[in-house]
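Please read the model below with its sequence alongside, and follow the account from one chain to the other.

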Amino acid sequence: MSAQAATRAPRLAATAGRSIRRTRPAPQLKPLKRDEKGLPVPHVHVVVRDTHRSRLADHYHNTLQDDLLYMTYVHEPTPRPPPRPPRLTYDPNDPYTKHRFNPPLGGNRWSKQLPPPASPDNIIQLERIQIHSQIKQATVSRTNLLGPIMALRAISGANDQAGGQHTAEGVQIVRGRKNLQGWVRPGIPVGVKVDLKGPQMWDFLSILVEFVLPRLRDFQGIPLEGPSNRLDKPHSASGVVSFGLPPTALGLFPQIEVNYDAYPAPFGMHIHFVTSAKGVGAQNRARALLSGFQIPFARS
Amino acid sequence: MLSRNAVSTCRHRSRACLHAPSRSLASVASSSSSAASSEPSTSKAVLHAAVILNRSPIITRTPTLFERAYYAYQSRIRRALFNPFPTDFYFKTGSLLEKKFAREEKVREREAFGGPWTVKRQGPESEDEVGTSTADQAESMGEEPMDPPAPRIHESDRTGDVKSLDRMSERNLYLLVRGKDHLGNEVWRFPQGGLHEGEHLHQAALRDLTAECGENMDTWIVGKKPIAVHQAPLSESVKKSLGGAELYTFFLKAHILAGQARPNGTNVTDFAWLTKEEIEPRVDQAYWASVKDILSDF
């Protein structure tokens with residue numbers, strides 16, 4: 001059988017060649033890309049890794065990790081009692097519903113779970129920083145997104161598949177999901193976001209803490225929630241700390257300050273610090289972690 | 001039915017604090033954490049609170065030769081794989097600024113990869129583009145040239161001044177004092193002292209630290225929980241004098257942010273800021289065994 005016929009009918013290919021295993025067709029080799037002179041550009045598996053030591057990453061491993069272990073440790077002298085079995089939607093013994101997808105009634109209550117027992121292996125870590133900005137003018141004209149895309153690219157240093165890392169996504173466009181009259185329709189571009197991990201994340205955090213936050217007008221700190229705030233709600237149990245920057249803060253980033261006039265209109269942004277803390281009171285632990293990086297918090 | 005609005009003590013984790021002031025991150029200290037009655041009724045205990053005062057590293061670790069070569073290599077690869085710069089967004093096509101940027105990029109390329117790799121056609125002109133120093137560039141942009149950074153090795157590293165807080169900038173330093181222990185011998189130990197009636201461990205630790213080392217230090221104690229415990233072996237006579245009780249010393253971690261230690265001269269005569277390896281030969285072996293695992297190797 002030819003390779004093409006084998007692609008279309010893999011089962012027949014197996015019986016024809018008397019092989020029990022399903023055979024995969026031979027990979028179709030794509031022709032090499034050509035550069036402007038017409039010469040083939042070979043594919044090179046080169047991945048860029050760390051280009052420098054991250055000062056804040058070192059600070060976390062030298063100092064913060066120990067301190068956070070001590071601060072977030074909860075002593076459990078007796079092992080935890082087994083959790084109560086949840087009430088399931090269907091009776092698992094009834095043969096009619098036995099193998100049906102059976103979620104617990106009222107949801108899996110993930111935000112009400114206690115955090116796992118404290119140990120040196122699960123100390124809270126900063127996983128990623130997400131910058132998100134909704135550009136209202138984008139509904140009028142898509143070209144209004146270009147300035148924010150370039151600005152976020154300059155601030156974050158993120159590019160699609162940058163450095164040969166195929167999971168790097170760069171600056172992404174946020175599209176509308178719901179139909180709200182006069183504001184947003186499904187599918188139209190409405191904002192921009194970028195996800196920072198690794199050395200880029202530490203660099204962004206150090207620039208934020210050293211250049212932007214100290215020069216921000218009327219900024220005392222990220223607002224703290226009051227004592228009446230419940231710790232077992234999804235917001236408090238997700239381990240994410242968020243705050244916003246006004247449009248005036250854009251010019252405080254040194255990457256933007258150097259050619260501020262190149263960007264058509266300043267815009268504000270939301271910054272989300274995503275940590276590995278989960279469970280009741282995770283946001284408080286996330287705030288303790290961020291305080292170690294000199295991010296101020298203030299009573300609102 | 002447990003009321004969700006009640007703030008309950010976190011003695012047993014099953015009844016979690018669902019409302020807690022955002023300030024107190026650690027679990028609510030149960031009332032009997034520091035009192036002697038926490039021990040089983042058969043033997044009494046006398047508690048001491050000690051402070052491991054830590055000076056965090058001031059500068060990052062010096063990279064090894066391999067690390068420097070690796071980072072230089074990765075930087076060059078990163079530069080080679082850069083996305084093309086969007087000149088049409090930042091510059092008007094054919095403008096003077098665009099040409100200036102192209103010239104500066106050429107300089108940066110040469111710095112990263114070497115070159116020029118082309119045959120020199122016009123000899124004297126090509127010399128002008130290469131080698132604008134950073135000081136000249138800064139002055140051309142209208143900024144003041146930056147002062148060179150301070151040297152990584154401080155004066156106290158050369159002289160071996162163990163009282164200086166600038167020594168060993170890359171390492172973690174800990175405050176060790178020379179003072180009397182529970183037996184009255186002069187030993188090198190961490191600052192410590194006893195607990196007053198109804199006092200928490202972290203409160204006693206701060207009070208004892210200022211009593212032994214003066215109030216000239218800006219310190220912060222990490223949390224309210226101790227991080228290590230040392231049970232000093234006691235002779236029979238000392239045990240009788242303590243009323244048959246065991247002596248436990250609980251250590252709490254603290255950071256120094258500013259200031260310097262000033263020994264009070266009565267029960268503490270000398271002090272030193274030492275790294276982990278420098279502490280080991282000075283302290284008692286049993287004491288070291290209790291304390292060595294909480295000191296940083298870096």
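The paragraphs that follow take up conventions, domains, charged side chains, loops and backbone angles.

The model is a predicted one, in which local features need pLDDT of at least 70 and side-chain atom pairs count only at pLDDT 80 or more, while totals for chains, interfaces and linings use all residues. Residues are numbered from 1 along each chain as its sequence is written, chains are lettered from A and ligands numbered from 1 in the order in which they are written, and side-chain values use heavy atoms, with hydrogens and water left out.

Chain B offers a starting point, since its domain assignment gives domain 1 (45-60 + 170-292) and domain 2 (63-112), the bounds coming from an automatic or database domain assignment. Taken over C-alpha atoms, the centres of domain 1 of chain B and domain 2 of chain B are separated by 53 Å.

Salt bridges come next, a term that here requires a side-chain nitrogen of Lys or Arg within 4 Å of a carboxyl oxygen of Asp or Glu. By this rule there are 24 salt bridges over all chains. One of them joins R79(B) to E109(B), with a distance of 3.5 Å from N to O. R79(B) belongs to helix α1 (residues 65-80) of chain B and E109(B) to helix α3 (residues 96-113) of chain B, so the pair ties together parts that are 30 residues apart in sequence; helices (H or I, at least four residues) and strands (E, at least two) are DSSP runs numbered from the N terminus. The two partners differ in burial class, for R79(B) is buried at a relative accessible area of 14%, whereas E109(B) is partly exposed at 35%. These classes are set by relative accessible area, with buried meaning under 20%, exposed over 50% and partly exposed in between (1.4 Å probe, protein chains only). The contact between R79(B) and E109(B) is also part of a network of salt bridges that links R79(B), E105(B), R108(B) and E109(B).

Elsewhere in chain B, R178(B) forms a salt bridge with E186(B), and the closest N and O atoms are 3.8 Å apart. Here R178(B) is partly exposed, with a relative accessible area of 28%, and E186(B) counts as partly exposed at 35%.

In chain A, the side chains of D195(A) and R128(A) meet in a salt bridge at 3.1 Å, N to O. This pair links distant parts of the chain, with D195(A) in strand β5 of chain A and R128(A) in strand β3 of chain A, 67 residues apart. D195(A) is partly exposed at a relative accessible area of 22%, and R128(A) is partly exposed at 27%.

Charge also gathers at the surface of chain A, where R84(A), R109(A), K112(A) and K233(A) form a positive surface patch. Patches are made of residues with over 30% relative accessible area and no salt bridge, like charges being joined within 9 Å and nonpolar side chains (Val, Leu, Ile, Met, Phe, Trp, Tyr) within 5 Å. One member, R109(A), sits in the loop between α3 (55-72) and β3 (126-134) of chain A, and R109(A) is partly exposed, with a relative accessible area of 43%.

Which loop of chain A holds P42(A)? P42(A) lies between β2 (40-41) and α3 of chain A, and counts as exposed at 55% relative accessibility. From P42(A) to S206(A) there are 164 residues in sequence and 38 Å in space, C-alpha to C-alpha. N179(A), in the loop between β4 (172-175) and β5 (189-196) of chain A, is exposed at 58% relative accessibility. N179(A) and V240(A) are 61 residues apart in sequence and 28 Å apart in space, again C-alpha to C-alpha.

Backbone angles close the account. Most residues other than glycine have a negative phi. Q161(A), however, has a positive phi near 55°; Q161(A) is found in the loop between α4 (146-156) and β4 of chain A and is partly exposed at 48%. D218(A) likewise has a positive phi, of about 55°, although it is not a glycine; D218(A) lies in the loop between α5 (199-215) and β6 (222-224) of chain A and counts as exposed at 77% relative accessibility.

Definitions and conventions: Accessible areas come from the Shrake-Rupley method with a 1.4 Å probe; for residues, only the protein chains shown count as cover. Lys and Arg count as positive and Asp and Glu as negative; His and the chain ends are not counted. The place of a charge is taken as NZ of Lys, CZ of Arg, CG of Asp or CD of Glu.
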